[in-house]
2 protein chains.
Amino acid sequence: MDQINFSDQYFMKQAFIEAEKAFQKEEVPVGAIVVCEGQIISRAHNLTETLNDVTAHAEMLAITSASEFLGGKYLNQCTLYVTLEPCTMCAGALNWAQLKRLVFGANDEKRGYERCSPVLTHPKTEITKGIMEEECKEIIQRFFRKKR
Amino acid sequence: MDQINFSDQYFMKQAFIEAEKAFQKEEVPVGAIVVCEGQIISRAHNLTETLNDVTAHAEMLAITSASEFLGGKYLNQCTLYVTLEPCTMCAGALNWAQLKRLVFGANDEKRGYERCSPVLTHPKTEITKGIMEEECKEIIQRFFRKKR
């Protein structure tokens with residue numbers, strides 16, 4: 001087993017808090033944060049229903065907000081934490097942003113980018129997965145059970 | 001040779017006018033429009049530099065604007081015309097939007113979604129390519145020649 005990385009746990013918890021906010025709004029509960037030099041520079045959760053906009057995934061909103069904070073469009077000094085594996089759209093956006101590191105919680109077997117092509121992210125992006133995997137998966141399952 | 005579709009030519013010309021606006025702003029010249037029931041409901045051009053945001057591709061802005069116009073997030077009655085083959089991010093977004101029809105001008109051999117995976121778009125989306133191909137390719141080449 002890998003050594004537990006406490007900052008990854010801490011930051012994923014922050015992304016998870018965002019997912020919980022989405023849940024409260026009856027949005028598919030996915031949350032994301034962007035961290036630069038140990039500091040959280042953006043927080044976002046899925047808002048596709050609220051905004052009537054398929055592009056309003058947590059990751060997309062977090063990227064836009066982080067870029068605004070930094071005053072530049074490249075996130076090559078940043079880590080994005082997201083509770084669920086990004087979809088192909090979000091992986092493509094993270095590729096353009098040249099993200100330094102991607103950390104995600106649960107796999108998304110239906111819509112995750114890895115199912116389609118693991119090379120969608122930028123070749124320099126380091127990837128870590130499975131942080132808070134159970135909680136991140138459970139909140140999604142709970143959401144869809146409630147919807148049915 | 002396929003029969004010339006005059007509406008496709010007309011609408012691609014409108015997308016091309018958007019690409020020219022991007023060129024004037026020193027943005028990579030890509031333009032897009034969304035057509036619903038024969039009517040243009042959104043127009044957009046690439047604004048990644050102006051907005052400092054990698055997600056601000058012409059297609060993404062056109063999708064968001066079309067959804068706002070329609071008051072719904074699905075574009076399953078719409079055609080998107082774009083001067084350049086969408087990237088993986090934009091193809092992923094068009095998939096989520098369940099776009100009815102995609103028409104693009106020039107292929108993008110470096111960053112186009114087809115190079116990565118032709119199945120990134122929605123299975124129901126009809127795809128037409130090569131409308132105004134030469135002009136759409138030339139404006140991109142002219143842009144990068146000027147940049148060098």
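**A sheet in chain B and an annotated residue in chain A**

In this predicted model, B:Cys36 faces a partner across the sheet, standing opposite B:Cys78 of strand β3 in chain B. The two strands that run alongside each other here are β1, residues 31–36 of chain B, and β3, residues 78–84 of chain B, and they pair in the antiparallel sense over five bridges.

Helix α5 of chain B, spanning residues 133–147, packs on the sheet and touches both β3 and β4 (101–106) of chain B. The direction of helix α5 makes about 60° with that of β4 in chain B.

Stepping back to the whole sheet, five strands of chain B line up in the order β2-β1-β3-β4-β5. The sheet is open, and its pairing is mixed. At its edges stand β2 (39–45) and β5 (126–129) of chain B; each has a single partner strand, so one side of each is left without a neighbour in the sheet. From one strand to the next, the twist averages 15°.

Attention now turns to chain A. The UniProt record, an unreviewed entry, carries the annotation "active site" at A:Glu59. This residue belongs to helix α3 of chain A, which covers residues 58–70. Is A:Glu59 buried or exposed? With a relative accessible area of 4%, A:Glu59 is buried, because that value falls under the 20% cut-off. Leaving aside residues up to four places away in sequence, A:Glu59 touches A:Ala32, A:Leu80, A:Val82, A:Leu84 and A:Pro86, together with the cysteines A:Cys87 and A:Cys90.

Terms used
Residues are numbered from 1 along each chain as its sequence is written. Chains are lettered from A and ligands numbered from 1 in the order in which they are written. This is a predicted model: local features need pLDDT of at least 70, side-chain atom pairs count only at pLDDT 80 or more; totals for chains, interfaces and linings use all residues. Side-chain values use heavy atoms; hydrogens and water are left out. Two strands pair if DSSP finds at least two bridges between them. Helices (H or I, at least four residues) and strands (E, at least two) are DSSP runs, numbered from the N terminus. Axes are lines fitted to C-alpha atoms, for helices over the stretch in contact, and angles run from 0 to 180 degrees between N-to-C directions. Contact means heavy atoms within 4.5 Å. UniProt positions are given in the numbering used here, feature names are shortened, and annotations may be inferred rather than shown by experiment. Buried means under 20% relative accessible area, exposed over 50%, partly exposed in between (1.4 Å probe, protein chains only).
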